[in-house]
Amino acid sequence: MACTSAPSEDESDASSVMSTSTRFPASEATSATSHDWEMRSASPAPSVYSMTSSLRAASYRHEYGRGINNYSEVYRLPADDEEFERLDHQHIIFIEVMGKYPPPLPQILADDTPGEPKTCLDLGCGSGSWILDVSRDFPHCNTVAVDLVPMQALNMPPNLRSEVDDINLGLQHFYGDFNVAHARLVSSGIRDYEGLVDQMSQCLRLGGLLDLTEFDFRVYSVDKKPILTEGVSWFADWMNLCNHAVHRNGGEPDAANQLHRWVSRNSSFEDVVYREFWFQTAPWRSGADAATVRQNRISQVFRDDILAFLRSGRPLLLGSGLAEHVVDEVEENARRELMEARTRTYIRVENVYALKRRD
Ligand SMILES: C[S@@+](CC[C@H](N)C(=O)[O-])C[C@H]1O[C@@H](n2cnc3c(N)ncnc32)[C@H](O)[C@@H]1O
(Lines give C-alpha, C1' and ligand atoms only; values in the text may rest on other atoms or scores of the structure.)
Protein backbone atom coordinates (compact mmCIF):
# COMPACT_ATOMS: atom_id res chain seq x y z
CA MET A 1 0.00 0.00 0.00
CA ALA A 2 2.63 2.48 1.00
CA CYS A 3 6.17 2.38 -0.18
CA THR A 4 9.22 4.56 -0.03
CA SER A 5 11.52 4.97 -2.97
CA ALA A 6 13.16 7.39 -5.35
CA PRO A 7 11.11 8.05 -8.47
CA SER A 8 12.02 5.77 -11.34
CA GLU A 9 12.57 7.04 -14.87
CA ASP A 10 9.12 5.78 -15.80
CA GLU A 11 7.47 7.45 -12.86
CA SER A 12 9.06 10.82 -13.48
CA ASP A 13 7.93 10.51 -17.09
CA ALA A 14 4.37 10.62 -15.82
CA SER A 15 4.65 14.33 -15.22
CA SER A 16 5.60 15.12 -18.78
CA VAL A 17 2.59 13.46 -20.39
CA MET A 18 -0.53 15.54 -20.75
CA SER A 19 -3.79 13.82 -21.40
CA THR A 20 -6.10 15.35 -23.93
CA SER A 21 -9.82 15.57 -23.48
CA THR A 22 -12.51 15.89 -26.07
CA ARG A 23 -14.95 17.03 -23.41
CA PHE A 24 -13.64 20.53 -22.83
CA PRO A 25 -14.69 23.39 -25.09
CA ALA A 26 -11.70 24.66 -27.06
CA SER A 27 -9.90 27.46 -25.26
CA GLU A 28 -6.42 28.22 -24.05
CA ALA A 29 -5.26 27.70 -20.50
CA THR A 30 -5.51 30.96 -18.63
CA SER A 31 -3.09 32.24 -16.09
CA ALA A 32 -5.94 33.75 -14.13
CA THR A 33 -4.42 35.15 -11.03
CA SER A 34 -5.52 36.11 -7.63
CA HIS A 35 -5.34 39.65 -6.46
CA ASP A 36 -2.32 41.69 -7.41
CA TRP A 37 0.40 42.79 -5.07
CA GLU A 38 -1.13 46.25 -4.85
CA MET A 39 -4.34 44.87 -3.38
CA ARG A 40 -2.63 43.29 -0.45
CA SER A 41 -1.22 44.85 2.68
CA ALA A 42 2.38 45.77 2.06
CA SER A 43 4.85 43.12 3.15
CA PRO A 44 6.47 42.70 5.60
CA ALA A 45 3.26 43.58 7.47
CA PRO A 46 1.51 40.37 8.50
CA SER A 47 -1.55 39.69 6.40
CA VAL A 48 -3.73 38.71 9.33
CA TYR A 49 -7.12 40.30 9.83
CA SER A 50 -9.30 39.78 12.85
CA MET A 51 -12.27 37.59 12.11
CA THR A 52 -15.69 39.11 12.53
CA SER A 53 -18.71 37.25 11.21
CA SER A 54 -19.11 39.71 8.32
CA LEU A 55 -15.48 39.25 7.33
CA ARG A 56 -15.94 35.52 7.59
CA ALA A 57 -18.99 35.70 5.33
CA ALA A 58 -17.08 37.90 2.88
CA SER A 59 -14.47 35.14 2.52
CA TYR A 60 -16.93 32.93 0.61
CA ARG A 61 -19.19 32.89 -2.38
CA HIS A 62 -21.56 30.20 -3.55
CA GLU A 63 -21.02 28.45 -6.85
CA TYR A 64 -22.74 25.34 -8.13
CA GLY A 65 -24.16 24.60 -4.69
CA ARG A 66 -20.85 24.83 -2.81
CA GLY A 67 -19.03 27.49 -0.75
CA ILE A 68 -15.91 28.68 -2.59
CA ASN A 69 -13.21 31.07 -1.43
CA ASN A 70 -13.85 34.63 -2.57
CA TYR A 71 -10.20 35.54 -2.97
CA SER A 72 -8.43 33.38 -5.55
CA GLU A 73 -9.43 32.71 -9.16
CA VAL A 74 -6.91 29.87 -9.26
CA TYR A 75 -8.20 27.61 -6.47
CA ARG A 76 -11.72 26.47 -7.36
CA LEU A 77 -12.38 23.59 -4.99
CA PRO A 78 -14.87 24.23 -2.18
CA ALA A 79 -13.95 25.57 1.25
CA ASP A 80 -17.21 24.75 3.01
CA ASP A 81 -18.19 22.48 5.91
CA GLU A 82 -18.60 19.44 3.66
CA GLU A 83 -15.11 19.89 2.23
CA PHE A 84 -13.53 20.48 5.63
CA GLU A 85 -15.15 17.31 6.92
CA ARG A 86 -13.71 15.42 3.94
CA LEU A 87 -10.25 16.86 4.66
CA ASP A 88 -10.49 15.85 8.33
CA HIS A 89 -11.26 12.25 7.37
CA GLN A 90 -8.53 12.27 4.74
CA HIS A 91 -6.04 13.48 7.36
CA ILE A 92 -6.73 10.37 9.45
CA ILE A 93 -6.09 8.06 6.48
CA PHE A 94 -2.88 9.94 5.68
CA ILE A 95 -1.64 9.43 9.23
CA GLU A 96 -2.34 5.71 9.02
CA VAL A 97 -0.54 5.30 5.69
CA MET A 98 2.20 7.95 5.82
CA GLY A 99 2.77 8.38 9.54
CA LYS A 100 1.89 11.49 11.48
CA TYR A 101 4.97 13.56 10.75
CA PRO A 102 8.12 13.19 8.66
CA PRO A 103 10.82 11.60 10.86
CA PRO A 104 12.91 14.74 11.61
CA LEU A 105 9.97 16.89 12.74
CA PRO A 106 9.71 15.95 16.45
CA GLN A 107 13.42 16.63 17.00
CA ILE A 108 13.30 19.90 15.07
CA LEU A 109 10.33 21.13 17.11
CA ALA A 110 11.72 19.88 20.43
CA ASP A 111 11.64 22.35 23.30
CA ASP A 112 15.43 22.61 23.54
CA THR A 113 16.34 26.25 22.85
CA PRO A 114 15.65 28.49 25.84
CA GLY A 115 14.52 31.98 24.85
CA GLU A 116 13.73 31.01 21.25
CA PRO A 117 10.32 29.33 20.86
CA LYS A 118 10.12 26.87 17.99
CA THR A 119 7.78 27.82 15.15
CA CYS A 120 5.80 25.99 12.47
CA LEU A 121 4.05 27.30 9.35
CA ASP A 122 1.26 25.48 7.47
CA LEU A 123 0.43 26.90 4.05
CA GLY A 124 -3.03 26.12 2.67
CA CYS A 125 -4.16 24.63 5.97
CA GLY A 126 -7.78 23.85 4.93
CA SER A 127 -9.68 22.63 7.96
CA GLY A 128 -6.41 22.87 9.90
CA SER A 129 -6.23 19.19 10.82
CA TRP A 130 -2.42 18.99 10.39
CA ILE A 131 -1.51 22.27 12.12
CA LEU A 132 -3.96 21.58 14.96
CA ASP A 133 -2.11 18.32 15.61
CA VAL A 134 1.24 20.13 15.62
CA SER A 135 -0.09 22.87 17.90
CA ARG A 136 -1.36 20.31 20.41
CA ASP A 137 1.57 17.87 20.17
CA PHE A 138 4.12 20.70 20.57
CA PRO A 139 2.36 23.21 22.85
CA HIS A 140 5.61 25.13 23.43
CA CYS A 141 5.72 26.02 19.69
CA ASN A 142 4.17 29.03 18.01
CA THR A 143 2.24 27.90 14.95
CA VAL A 144 0.76 29.80 12.01
CA ALA A 145 -1.88 28.53 9.57
CA VAL A 146 -2.48 30.33 6.28
CA ASP A 147 -5.35 29.82 3.87
CA LEU A 148 -7.62 31.69 1.48
CA VAL A 149 -10.39 31.31 4.05
CA PRO A 150 -10.25 31.55 7.86
CA MET A 151 -9.78 28.39 9.88
CA GLN A 152 -13.08 27.24 11.36
CA ALA A 153 -11.83 25.30 14.42
CA LEU A 154 -14.00 26.00 17.45
CA ASN A 155 -11.22 25.45 19.94
CA MET A 156 -8.13 27.15 18.60
CA PRO A 157 -5.09 26.26 20.69
CA PRO A 158 -3.56 29.43 22.21
CA ASN A 159 -0.29 28.85 20.34
CA LEU A 160 -1.99 28.78 16.89
CA ARG A 161 -2.68 31.83 14.73
CA SER A 162 -4.83 31.69 11.59
CA GLU A 163 -4.11 34.07 8.73
CA VAL A 164 -6.06 34.67 5.53
CA ASP A 165 -3.82 35.23 2.55
CA ASP A 166 -3.02 34.10 -0.97
CA ILE A 167 0.39 32.45 -0.80
CA ASN A 168 0.88 33.11 -4.52
CA LEU A 169 1.62 36.69 -3.51
CA GLY A 170 4.85 35.82 -1.74
CA LEU A 171 5.84 35.10 1.84
CA GLN A 172 8.26 37.96 2.51
CA HIS A 173 6.63 38.79 5.84
CA PHE A 174 7.59 35.31 7.11
CA TYR A 175 11.25 35.22 6.02
CA GLY A 176 13.57 33.60 8.55
CA ASP A 177 10.81 32.96 11.08
CA PHE A 178 10.12 29.20 11.05
CA ASN A 179 11.65 25.87 12.10
CA VAL A 180 9.13 23.93 9.98
CA ALA A 181 7.36 24.96 6.77
CA HIS A 182 4.66 22.58 5.57
CA ALA A 183 2.23 22.44 2.63
CA ARG A 184 -0.05 19.56 1.68
CA LEU A 185 -2.33 19.22 -1.35
CA VAL A 186 -2.21 22.88 -2.32
CA SER A 187 -0.88 22.51 -5.91
CA SER A 188 -4.23 23.25 -7.54
CA GLY A 189 -4.11 26.76 -6.06
CA ILE A 190 -0.44 27.50 -6.78
CA ARG A 191 0.65 29.36 -9.90
CA ASP A 192 4.40 28.76 -9.54
CA TYR A 193 5.14 25.83 -7.27
CA GLU A 194 8.90 25.90 -7.72
CA GLY A 195 8.72 29.57 -6.74
CA LEU A 196 6.76 28.51 -3.66
CA VAL A 197 9.55 26.06 -2.75
CA ASP A 198 11.97 28.96 -2.88
CA GLN A 199 9.68 31.19 -0.82
CA MET A 200 9.34 28.45 1.78
CA SER A 201 13.12 28.02 1.92
CA GLN A 202 13.38 31.69 2.82
CA CYS A 203 10.79 31.34 5.58
CA LEU A 204 12.92 28.67 7.28
CA ARG A 205 15.55 29.18 9.92
CA LEU A 206 18.89 27.43 9.37
CA GLY A 207 18.48 23.67 9.88
CA GLY A 208 14.69 24.04 9.49
CA LEU A 209 12.46 21.41 7.89
CA LEU A 210 10.59 21.72 4.60
CA ASP A 211 7.72 19.22 4.23
CA LEU A 212 5.69 19.01 1.01
CA THR A 213 3.00 16.50 0.06
CA GLU A 214 1.03 16.52 -3.19
CA PHE A 215 -0.89 14.24 -5.53
CA ASP A 216 -0.91 14.78 -9.28
CA PHE A 217 -4.61 14.73 -10.26
CA ARG A 218 -4.08 11.42 -12.06
CA VAL A 219 -5.37 7.90 -11.54
CA TYR A 220 -2.86 5.07 -11.94
CA SER A 221 -3.33 1.56 -13.26
CA VAL A 222 -2.28 -1.55 -11.38
CA ASP A 223 1.13 -1.41 -13.12
CA LYS A 224 1.58 2.10 -11.63
CA LYS A 225 1.25 4.01 -14.90
CA PRO A 226 -1.04 7.07 -15.17
CA ILE A 227 -4.23 6.36 -17.12
CA LEU A 228 -4.29 9.15 -19.68
CA THR A 229 -6.54 7.82 -22.40
CA GLU A 230 -10.31 8.02 -22.22
CA GLY A 231 -12.40 4.90 -21.91
CA VAL A 232 -10.19 2.84 -19.57
CA SER A 233 -11.61 4.06 -16.26
CA TRP A 234 -14.39 6.57 -15.61
CA PHE A 235 -12.64 7.68 -12.45
CA ALA A 236 -9.43 8.31 -14.43
CA ASP A 237 -11.46 10.26 -17.02
CA TRP A 238 -12.96 12.36 -14.24
CA MET A 239 -9.55 13.04 -12.68
CA ASN A 240 -8.04 13.95 -16.05
CA LEU A 241 -10.81 16.52 -16.48
CA CYS A 242 -9.89 17.97 -13.08
CA ASN A 243 -6.21 18.05 -14.03
CA HIS A 244 -7.07 19.95 -17.19
CA ALA A 245 -9.40 22.34 -15.34
CA VAL A 246 -6.75 23.15 -12.73
CA HIS A 247 -4.29 23.94 -15.54
CA ARG A 248 -6.82 26.23 -17.18
CA ASN A 249 -7.28 28.11 -13.91
CA GLY A 250 -3.54 28.67 -13.61
CA GLY A 251 -2.72 26.03 -10.96
CA GLU A 252 -0.03 23.33 -11.10
CA PRO A 253 -1.80 19.97 -10.87
CA ASP A 254 1.33 17.99 -11.83
CA ALA A 255 3.55 19.58 -9.18
CA ALA A 256 3.71 16.30 -7.22
CA ASN A 257 5.86 14.72 -9.93
CA GLN A 258 8.35 17.61 -9.82
CA LEU A 259 8.71 18.14 -6.07
CA HIS A 260 11.80 15.98 -5.74
CA ARG A 261 13.58 17.72 -8.64
CA TRP A 262 12.65 21.23 -7.48
CA VAL A 263 13.75 20.71 -3.88
CA SER A 264 16.94 18.84 -4.92
CA ARG A 265 18.07 21.61 -7.24
CA ASN A 266 17.35 24.37 -4.74
CA SER A 267 20.75 25.12 -3.20
CA SER A 268 19.16 26.07 0.15
CA PHE A 269 18.37 22.44 0.97
CA GLU A 270 20.26 19.32 2.00
CA ASP A 271 19.27 15.82 3.14
CA VAL A 272 16.41 15.69 0.64
CA VAL A 273 14.15 12.65 1.11
CA TYR A 274 11.54 11.50 -1.42
CA ARG A 275 8.67 9.15 -0.53
CA GLU A 276 5.74 7.94 -2.55
CA PHE A 277 2.55 6.33 -1.30
CA TRP A 278 0.11 4.34 -3.41
CA PHE A 279 -3.50 4.58 -2.26
CA GLN A 280 -5.76 1.84 -3.54
CA THR A 281 -9.00 3.50 -4.68
CA ALA A 282 -11.41 0.71 -3.73
CA PRO A 283 -11.29 -2.68 -1.96
CA TRP A 284 -10.45 -4.60 -5.13
CA ARG A 285 -7.82 -7.00 -3.72
CA SER A 286 -8.65 -10.63 -3.16
CA GLY A 287 -7.08 -12.65 -0.38
CA ALA A 288 -7.44 -13.02 3.35
CA ASP A 289 -3.88 -12.42 4.53
CA ALA A 290 -3.35 -9.59 7.01
CA ALA A 291 -1.74 -7.20 4.49
CA THR A 292 -4.58 -7.60 1.97
CA VAL A 293 -7.23 -7.18 4.63
CA ARG A 294 -5.53 -4.02 5.87
CA GLN A 295 -5.17 -2.58 2.37
CA ASN A 296 -8.80 -3.27 1.55
CA ARG A 297 -9.89 -1.76 4.86
CA ILE A 298 -7.93 1.45 4.28
CA SER A 299 -9.13 1.64 0.69
CA GLN A 300 -12.74 1.48 1.83
CA VAL A 301 -12.22 4.62 3.89
CA PHE A 302 -10.20 6.19 1.09
CA ARG A 303 -12.99 5.42 -1.38
CA ASP A 304 -15.41 7.40 0.81
CA ASP A 305 -12.95 10.28 0.60
CA ILE A 306 -12.88 9.98 -3.20
CA LEU A 307 -16.68 9.84 -3.40
CA ALA A 308 -16.80 13.13 -1.47
CA PHE A 309 -14.06 14.51 -3.72
CA LEU A 310 -16.21 13.72 -6.77
CA ARG A 311 -18.77 16.13 -5.31
CA SER A 312 -16.07 18.69 -4.48
CA GLY A 313 -14.91 18.70 -8.08
CA ARG A 314 -18.21 20.02 -9.44
CA PRO A 315 -17.51 23.77 -9.08
CA LEU A 316 -14.03 23.23 -10.54
CA LEU A 317 -15.33 21.33 -13.57
CA LEU A 318 -18.53 23.29 -14.18
CA GLY A 319 -16.68 26.57 -13.70
CA SER A 320 -14.20 25.49 -16.36
CA GLY A 321 -16.79 25.40 -19.09
CA LEU A 322 -17.75 21.73 -19.09
CA ALA A 323 -21.44 21.11 -19.76
CA GLU A 324 -23.41 19.91 -16.73
CA HIS A 325 -24.61 16.74 -18.48
CA VAL A 326 -20.96 15.83 -19.23
CA VAL A 327 -19.90 16.36 -15.62
CA ASP A 328 -22.94 14.40 -14.40
CA GLU A 329 -22.21 11.48 -16.71
CA VAL A 330 -18.51 11.14 -15.87
CA GLU A 331 -19.10 11.69 -12.15
CA GLU A 332 -21.95 9.18 -11.91
CA ASN A 333 -20.04 6.51 -13.82
CA ALA A 334 -16.93 7.12 -11.73
CA ARG A 335 -19.02 6.70 -8.58
CA ARG A 336 -20.46 3.42 -9.86
CA GLU A 337 -17.02 2.16 -10.91
CA LEU A 338 -15.58 2.87 -7.46
CA MET A 339 -18.54 1.25 -5.68
CA GLU A 340 -18.24 -1.88 -7.83
CA ALA A 341 -14.50 -2.03 -6.99
CA ARG A 342 -13.66 -3.89 -10.17
CA THR A 343 -11.27 -1.37 -11.74
CA ARG A 344 -7.87 -1.78 -10.12
CA THR A 345 -6.63 1.77 -9.75
CA TYR A 346 -4.43 3.83 -7.45
CA ILE A 347 -3.86 7.42 -6.43
CA ARG A 348 -0.20 8.34 -6.03
CA VAL A 349 0.77 10.71 -3.23
CA GLU A 350 4.32 12.11 -3.20
CA ASN A 351 6.16 13.58 -0.24
CA VAL A 352 9.47 15.40 -0.10
CA TYR A 353 11.16 16.66 3.02
CA ALA A 354 14.51 18.37 3.38
CA LEU A 355 16.57 20.48 5.75
CA LYS A 356 17.64 24.05 5.18
CA ARG A 357 21.42 24.19 4.93
CA ARG A 358 23.26 25.64 7.88
CA ASP A 359 26.25 26.81 5.80
C1 LIG B 1 -7.13 20.31 -0.73
S2 LIG B 1 -7.06 21.48 0.53
C3 LIG B 1 -5.79 20.77 1.60
C4 LIG B 1 -5.88 21.33 2.99
C5 LIG B 1 -4.82 20.82 3.97
N6 LIG B 1 -3.49 21.24 3.56
C7 LIG B 1 -4.89 19.33 4.13
O8 LIG B 1 -3.98 18.64 3.68
O9 LIG B 1 -5.88 18.87 4.71
C10 LIG B 1 -6.15 22.83 -0.20
C11 LIG B 1 -6.19 24.07 0.66
O12 LIG B 1 -5.21 24.97 0.15
C13 LIG B 1 -5.76 26.28 0.15
N14 LIG B 1 -5.08 27.06 -0.90
C15 LIG B 1 -5.01 26.75 -2.21
N16 LIG B 1 -4.34 27.70 -2.87
C17 LIG B 1 -3.98 28.64 -1.95
C18 LIG B 1 -3.31 29.88 -2.04
N19 LIG B 1 -2.88 30.34 -3.20
N20 LIG B 1 -3.11 30.58 -0.90
C21 LIG B 1 -3.58 30.12 0.29
N22 LIG B 1 -4.25 28.94 0.42
C23 LIG B 1 -4.45 28.22 -0.68
C24 LIG B 1 -7.23 26.06 -0.16
O25 LIG B 1 -8.02 27.15 0.24
C26 LIG B 1 -7.53 24.78 0.62
O27 LIG B 1 -7.97 25.05 1.93
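**Exercise 1.** How do the axes of helix 9 and helix 10 cross, and within what distance do they come?

*Solution.* The structure is a predicted model, and the two segments to be compared are helix 9, residues 290-318, and helix 10, residues 324-340. Their axes come within 11 Å and cross at roughly 170 degrees. Since angles over 145 degrees count as roughly antiparallel, helix 9 is therefore roughly antiparallel to helix 10. The next step is to list the residues that meet: Arg303, Ile306, Leu307, Leu310, Arg314, Leu317 and Leu318 come from helix 9, while Glu324, Val327, Glu331, Ala334, Arg335 and Leu338 come from helix 10. Sorted by class, this contact has eight nonpolar and five charged residues, with no polar ones.

**Exercise 2.** Describe the largest nonpolar core and place Cys242 and alanine 245 in their surroundings.

*Solution.* Begin with the chain as a whole, which has 359 residues, 46% of them buried, and which contains 10 helices and 10 strands. In soluble globular proteins, nonpolar side chains tend to be buried together. Here the largest nonpolar core has 85 residues, and the members that touch the most others are Leu121, Val180, Leu210, Trp238 and Cys242. Helix 7, residues 234-249, gives the most to this core, with nine residues. Leaving out residues up to four places away in sequence, Cys242 touches Phe217, Gly313, Leu316 and Leu317. Alanine 245 is located in helix 7, and with 26 other C-beta atoms within 10 Å it is buried. Under the same exclusion of residues up to four places away, alanine 245 touches Leu316, Leu317 and Ser320. The C-alpha atoms of alanine 245 and leucine 322 are 9.2 Å apart, although the two residues are 77 apart in sequence.

**Exercise 3.** Which residues around the ligand are the closest, and what classes of residue make up the shell?

*Solution.* The ligand is surrounded by 23 residues, the closest being Gly124, Gly126, Ile167, Arg184 and Gly189. Helix 3 (81-98), helix 5 (129-137) and strand 5 (142-147) are the elements that give two or more residues to the shell. By class, the shell has 12 nonpolar, eight polar and three charged residues.

Valine 146 offers a view of strand 5, in which it is found. Valine 146 has 24 C-beta neighbours inside 10 Å, and so it counts as buried. Beyond its neighbours within four places in sequence, valine 146 is in contact with Asp122, Leu123, Cys125, Glu163, Asp165 and Ile167. The C-alpha atom of valine 146 is separated by 8.5 Å from that of glycine 126, a residue 20 places away along the chain.

**Exercise 4.** Where do tyrosine 64 and lysine 224 lie, and are they buried or partly exposed?

*Solution.* Most residues other than glycine have a negative phi. Tyrosine 64, however, has a positive phi near 50 degrees, and lysine 224 has a positive phi of about 65 degrees. Tyrosine 64 is placed in the loop between strand 2 (60-63) and strand 3 (66-69), whereas lysine 224 lies in the loop between strand 8 (204-215) and helix 7. To settle exposure, count the C-beta neighbours inside 10 Å: tyrosine 64 has 15 and so counts as partly exposed, and lysine 224, with 15, likewise counts as partly exposed.

Technical notes: Residues numbered from 1 in each chain as written. Predicted model: local features only at pLDDT ≥ 70, side-chain atom pairs only at ≥ 80, totals over all residues. Near = placed C-beta within 6 Å. Helix = DSSP H or I, 4+ residues; strand = E, 2+ residues; numbered from the N terminus. Nonpolar A, V, L, I, M, F, W, Y, C, P; charged D, E, K, R; others polar. Buried ≥ 20, exposed ≤ 12 C-beta atoms within 10 Å, placed from the backbone. Core = buried A, V, L, I, M, F, W, Y, C linked by C-beta atoms within 7 Å. Contact = placed C-beta atoms within 7 Å. Axes fitted to C-alpha atoms, helices over the stretch in contact; angles between N-to-C directions. Parallel < 35°, antiparallel > 145°, perpendicular 65-115°, else oblique.
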